[in-house]
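Please work through the following exercises with the sequence and the model open side by side, and try each task before reading its solution.

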Amino acid sequence: FYASLMQCAQLGLTPNVNGEAHLIPFKNNKKGYYECQFVIGYKGLMKLARRSGEIASIDAQTVYENDEFVLEYGFEPKLIHKPYLKGERGKPTGFYAAVLLKDGGRTSYYMTAKEAEAYGKRYSKSYSMSDSPWKTDFESMAKKSCLRQALKYAPTSTDVESALRTDENVLEYKKTDEN
């Protein structure tokens, strides 16, 4: 718990408020007790990315079946998302993150709902747990996954790199003679 709390403090994120970061208990079946796991939220990831000073705009969104959505890659990439505003937007069909750099550069990453589900199953050790964020807040986790991928192609601060390294890991607090 203390190591996860310290990670939040080092990154300047507020745990369990506003979706920046979460301190989640997970049972370690090998050790027979619960451990605290630091999980950064997509809003926390965006906050850290903005600190690099290189990012003009960063966003992550859900695309619903009734929305108008255009995505093109290549020499003239295009991302257009117009939410359907005249009624029910339908079920989520995909997720994306878009990053606009101050120098005019831009990058984005898109996943279908099925791709986001496969990503969670592959990379999250908590995916199958009943109280996993992938079960309780799938859209936020899918957006965060898109952000993780988009930020691979954007200049980021060491805070972002540190957060991505420690995200969803159990951090251990080692007692020493000094504490």
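## Exercise 1: The two cysteines

Cys 36 is buried in this predicted model, with a relative accessible area of 12%.

Task: Determine how many disulfides the model contains, and explain why Cys 36 is or is not bonded to Cys 8.

Solution. Begin with the chemistry: a disulfide is a covalent bond between the sulfur atoms of two cysteines. Next, take the sulfur of Cys 36 and look for the closest cysteine sulfur, which belongs to Cys 8 and lies 8.3 Å away. The cut-off for a disulfide is a pair of cysteine sulfur atoms within 2.5 Å, and the separation of 8.3 Å is therefore too far for a bond. The count for the model comes to zero disulfides, and Cys 8 is accordingly in no disulfide, the nearest cysteine sulfur being that of Cys 36. Finally, consider the surroundings of the partner: Cys 8 is buried, with a relative accessible area of 1%.

## Exercise 2: Salt bridges between separate parts of the chain

Task: Work out which parts of the chain are linked by the salt bridge of Glu 20 and Lys 47, and which parts are tied together by that of Arg 89 and Asp 67.

Solution. The rule for salt bridges gives a count of four in the model. One of them joins the side chains of Glu 20 and Lys 47, with 3.4 Å from N to O. Placing both residues on the chain shows that this pair links distant parts, since Glu 20 belongs to the loop between H1 and strand E1 (21-28), whereas Lys 47 belongs to helix H2 (residues 42-50), 27 residues apart. Their accessibilities can then be read off: Glu 20 is buried at 10% relative accessibility, while Lys 47 is partly exposed at 29%.

Turn now to Arg 89, which forms a salt bridge with Asp 67, the closest N and O atoms being 2.6 Å apart. Arg 89 lies in the loop between E5 and strand E6 (92-101) and Asp 67 in the loop between E3 and E4, so this salt bridge ties together parts that are 22 residues apart in sequence. Arg 89 is partly exposed at 26% relative accessibility, whereas Asp 67 counts as buried at 10%. Asp 67 has a further contact to note along the backbone, for its C-alpha atom is separated by 4.6 Å from that of Pro 83, although the two residues are 16 residues apart along the chain.

## Exercise 3: A salt bridge inside one helix

Task: Locate Glu 117 and Lys 121 in the secondary structure, and state how many residues apart they are.

Solution. Both Glu 117 and Lys 121 are found in helix H3 (residues 113-123), four residues apart, which is about one turn of the helix. Their side chains meet in a salt bridge, with 3.4 Å from N to O. As for accessibility, Glu 117 is partly exposed, with a relative accessible area of 32%, whereas Lys 121 counts as exposed at 52%.

## Exercise 4: The hairpin of E4 and E5

Task: Decide whether strands E4 and E5 pair in the parallel or the antiparallel sense, and over how many bridges.

Solution. Strand E4 covers residues 68-72 and strand E5 covers residues 78-82, and the two pair in the antiparallel sense over five bridges. To check the register, start at Glu 68, whose bridge partner in E5 is Lys 82. Then follow the chain through the hairpin, where five residues lie between the strands and Gly 74 takes a positive phi near 120°.

## Exercise 5: Aromatic pairs

Task: Classify the ring pairs that Trp 134 forms with Tyr 127 and with Phe 138.

Solution. A pair of aromatic rings is described by the distance of the centres and the angle of the planes. The structure holds six aromatic pairs. Among them, Tyr 127 and Trp 134 form a tilted pair, at 5.7 Å centre to centre and with 50° between the planes. Trp 134 and Phe 138, by contrast, form an edge-to-face pair, at 5.6 Å centre to centre and with 65° between the planes. On accessibility, Tyr 127 is buried at 9% and Trp 134 is buried at 4%, while Phe 138 is partly exposed at 23%. As a last step, add Phe 95, which ring pairs link with Tyr 127, Trp 134 and Phe 138 into a cluster.

Technical notes
Residues numbered from 1 in each chain as written. Predicted model: local features only at pLDDT ≥ 70, side-chain atom pairs only at ≥ 80, totals over all residues. Heavy atoms only, no water. Pairing = 2+ DSSP bridges. Buried < 20%, exposed > 50% of the residue type's maximum accessible area, 1.4 Å probe, protein only. Phe/Tyr/Trp six-rings, centres within 6.5 Å; stacked < 30°, edge-to-face > 60°.
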